[in-house]
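Student: Could we go through this one together? I'd like to see how each label is earned.

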Amino acid sequence: MTQGFIIHNRSMMRFIGLLGLFTLLVTLGSEAMGTGVISTSLVKTLGKTLCLCLIAIAMDVVWGYCGILSLGHFAFFGIGGYAIGMWLMYARTETIVTESLARQVIPPTPAEVTDAIGAQIFGVVGSSDFPVIWSFADSLILQLLMVVLVPGLLALVFGWLAFRSRVTGVYLSILTQAMTLALSLYLFQNDSGLRGNNGLSGLQNIPGFESTPQATISLVFFWGSALALGLGYMLFAFVVGGKMGSIVQGIRDNEARVRFLGYRVEGYKLFVFTLTAVVSGIAGALYYPQAGIINPAEIAPIASIYLAVWVAIGGRGRLYGAVIGAALVSLLSSWFTGGGAPDVNLGFYTVQWTDWWLVLLGVSFVCVTLFAPKGIGGLFDYLIRKPR
Amino acid sequence: MISLLEVSGVSKTFDGFRAINNLSIQINEPELRAIIGPNGAGKTTFMDIVTGKTQPDSGQVLWGERNESLTGLSEAEIANRGIGRKFQKPTVFENQTVRQNLAMALKNPRGPLAALFFKEPRTDAVRINEIAGEIGLADQLPRPAGELSHGQKQWLEIGMLLAQDPRLLLVDEPAAGMTAEEREKTTDILKRAARTRSVVVVEHDMEFVRRLNCKVTVLHEGHVLAEGSLDHVTADPTVIDVYLGRSDA
C-alpha cells in the first residue's frame with residue numbers, strides 16, 4: 001500500500017510540475033506580458049481547457065475509480081457557471097444602470113435602481129421582476145457559496161435517493177441523463193428565472209475591472225484555472241490514494257464483497273458523487289467567465305456524454321489519463337469544428353471537418369474501446385514499465 | 001459453549017418456488033458445522049438470509065447472547081455484528097494487492113471519513129502478516145490478487161474473513177476447484193479457525209466434509225432432513241433416498 005501511494009504521489013508531483021511549467025510558458029507568451037506569442041483568445045481557450053480537465057478528473061474519480069457512470073456531471077458544471085454568472089451579470093448591470101441614472105436631475109431611489117436592473121436583465125424574456133433565486137445575486141460571497149452548495153446539495157439528494165434504492169449500472173446512467181435533461185429543459189423556459197435560452201451573457205466583463213484589458217483578465221483566469229486544476233488533482237490523488245481509494249475501487253470491482261466486509265457502500269458512493277459534483281461546479285464557475293456566455297444548451301445531455309468520452313479516450317482509473325483525454329479531445333474538437341483543420345479534397349468529395357469531426361471522434365472512441373481499453377494513459381504503462 | 005445463531009421457522013419463496021421451507025438451525029460458539037445437500041436444497045439461500053442479502057418471508061434469525069433479530073438489517077450492519085461470508089466463486093479485489101485486500105477487511109472504523117483520513121496503525125501490519133501466514137500467503141503480500149492461483153484466491157478470501165475478526169464464518173464451497181493438496185490445507189485453515197469461532201461450511205464434496213470431522217446438517221428442499229455426525233446422517237434412510245435419487249450429490 002505504501003508503495004502504491006508513493007507511485008501515485010510521484011505521478012502527482014510530475015503532473016503538478018508540468019502544469020506549473022505550462023502555466024509559466026503561457027504566461028510568458030501572453031499578450032498581457034507584452035510578447036503576444038499566444039493571443040488572448042488562445043489564452044482563454046487554454047484556460048477553459050484546464051477547467052474541462054478539472055471536471056474530467058472529477059468524472060474519472062466517480063466513473064474510473066468508483067464505477068458510477070454518471071452521465072450528468074455537466075449539469076453540476078453548468079450550475080456552477082450559472083451561479084457565478086448571476087453575480088457577474090447583476091453587478092455589471094448595476095454599474096451601468098447606476099451610471100445612467102446618475103445623470104438624472106432627481107437622484108433615483110434604491111427601488112428604482114433595482115427595477116432598472118431587473119428590466120435590463122429580464123427585458124429579453126419580457127419581465128422585470130427578480131425571481132427568488134436571484135436573492136443573493138448582489139453578493140459575490142454568497143454566489144460563490146452557491147457555486148459549491150447548489151451542485152453539492154443536488155448531488156447529495158439525487159445520490160441519496162439513487163444509491164439507497166441500489167440503482168446501479170446503466171439504470172443509474174439513464175437517471176443521471178434524465179437529471180441533466182430535465183434541468184436543461186427547465187432552464188430553456190423563459191420563466192425559469194435564468195433568461196431562458198438567452199442564458200447569461202457578458203460574463204467576460206468582470207465588475208470593478210472595467211478598465212483592465214481582457215488580455216490581463218484572461219491571464220488571471222488562466223492562472224485561477226491552473227491553480228484549481230492543481231488543487232483538484234491533489235485532492236483527488238489523496239482521495240483515491242489511501243484506504244478510501246482501496247474501498248472505492250473495491251466498490252467498482254465487486255460491490256457485494258465490499259458490503260459483506262461491513263462497509264456501507266451507499267455512504268461511499270454518496271461521498272464520491274457529491275465531492276465530484278462540487279468540484280465540477282467549481283470548474284464551471286471558472287469556465288464560464290472565460291467563455292463569456294452560458295445558456296441551457298451547455299448542460300444538454302450530450303455534454304455529459306462527451307465528458308465520458310474524454311475520460312474513456314484518456315484512460316479511466318488514472319487521473320492524468322483524464323487530463324490528457326479532456327485536453328486533447330476538446331482542443332482537437334475546437335480546432336476541427338472551428339475551421340482550423342483544412343478540408344480534405346478527395347476529388348469526388350470534399351471532407352469538411354465541421355461535419356466529419358464527430359464521425360472521426362466516434363471512430364476514435366470505438367477504436368480506443370476495442371484496442372486500448374485503458375486509453376491513451378494506458379499506453380504510458382507500456383513505455384514506463386518494462387515487460388515482465 | 002453458547003448458542004450464537006438461531007434460525008427458527010424461516011421460509012422464503014421466490015416466484016412460487018419454496019427455496020427455504022420452515023428451516024430451523026442452531027449454531028453454537030465455537031463450533032464447526034458442515035451443511036450438505038443436493039443442488040437447490042436452499043444452502044445458498046440460507047446464507048443469503050443470515051447475511052441480509054435476502055429477507056425471509058417468515059421466521060426469525062436471532063444473533064448472540066442478547067438474541068438480537070438480524071432480519072431487516074443491511075448486509076453491512078450484519079457484517080459488523082460479526083458475521084463474515086465467503087462466496088462460492090472466489091471474490092477478491094483482483095486489481096489490488098494481497099496486502100490491500102487484507103487491509104480493507106481488517107477490523108477498523110467503516111465510515112467514509114474514517115477511511116479518508118485512515119493511517120494504518122503498526123498493529124495492523126502485524127495482524128496482516130499473521131493472517132497471511134495463517135492462510136499460507138505470507139510471501140505473496142505485494143502481489144496483485146488477480147495473479148494468484150484459484151486456490152490461493154480462495155485462501156485469500158478466507159483470510160479476509162479472518163481479518164474481519166467475525167464470530168461466525170459462513171463459507172460457501174471452499175474446496176471447489178481445488179487440488180487434493182489444497183483441500184487438505186483448506187481443511188486445516190477452517191479447523192483452526194473453528195477453535196475460537198463458529199464456522200459453517202456449505203459443501204458438496206463428501207470427502208471434504210469427512211475430513212472436517214464435525215457435526216453435519218443435511219438440507220433438502222429448504223428444510224433440515226437430518227443432523228448429526230457424518231456417519232449418522234449417511235446411514236439415515238431418508239438421506240440415502242435423497243442422495244441416491246439424484247446424481248449431482
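Tutor: Let's take the labels one by one, keeping in mind that this is a predicted model.

Student: Fine. What makes the radius of gyration of chain A agree with a compact globule?

Tutor: The rule is 2.2 Å times the number of residues to the power 0.38. For 388 residues that comes out near 21 Å, and chain A has 22 Å, so the two agree. Along its principal axes, the C-alpha trace of chain A spans about 85 × 55 × 45 Å. Buried residues make up 44% of the chain.

Student: How do you know that H6 of chain B has the span expected of a helix?

Tutor: The expected span is 1.5 Å times one less than the number of residues. H6(B) covers residues 150–163, which is 14 residues, so it should span 20 Å; its end C-alpha atoms are 20 Å apart, and that agrees. After H6(B) comes Asp165(B), with a positive phi near 55°.

Student: And why is H6(B) called largely enclosed?

Tutor: A residue is buried if 20 or more other C-beta atoms lie within 10 Å of its own. In H6(B), 13 of the 14 residues are buried, so the rest of the structure largely encloses this helix.

Student: Now the sheet in chain B. Why are E6 and E10 called edge strands?

Tutor: The sheet is open and mixed, with six strands in the order E6-E7-E8-E3-E9-E10. E6(B) and E10(B) each have a single partner strand, so one side of each has no neighbour in the sheet. On average, neighbouring strands are turned by 20° against each other, ignoring direction. H6(B) packs on this sheet, touching E6(B) and E7(B), and its direction makes about 175° with that of E6(B). H7(B) lies across E3(B), E7(B) and E8(B), running at about 145° to E8(B).

Student: How do you know that E9(B) and E10(B) pair?

Tutor: Pairing takes at least two bridges, and these two strands have five, in the antiparallel sense. Among the partners, Val218(B) stands opposite Ala226(B), and His220(B) is bridged to His223(B). The two strands form a hairpin with two residues between them, and Glu221(B) in the turn has a positive phi of about 45°.

Student: Last one: what makes up the side of chain A that touches chain B?

Tutor: The contact takes 21 residues from chain A and 23 from chain B. On the chain A side, H8, H9 and H10 are the elements giving two or more residues, and H8(A) gives the most, with seven. By type, that side divides into nine nonpolar, seven polar and five charged residues.

Key. Residues are numbered from 1 along each chain as its sequence is written. Chains are lettered from A and ligands numbered from 1 in the order in which they are written. This is a predicted model: local features need pLDDT of at least 70, side-chain atom pairs count only at pLDDT 80 or more; totals for chains, interfaces and linings use all residues. Two residues are in contact if their C-beta atoms, placed from the backbone, lie within 7 Å. Helices (H or I, at least four residues) and strands (E, at least two) are DSSP runs, numbered from the N terminus. Ala, Val, Leu, Ile, Met, Phe, Trp, Tyr, Cys and Pro count as nonpolar, Asp, Glu, Lys and Arg as charged, and the others, Gly among them, as polar. A residue is buried if 20 or more other C-beta atoms lie within 10 Å of its own, exposed if 12 or fewer, and partly exposed in between; C-beta atoms are placed from the backbone. Axes are lines fitted to C-alpha atoms, for helices over the stretch in contact, and angles run from 0 to 180 degrees between N-to-C directions.
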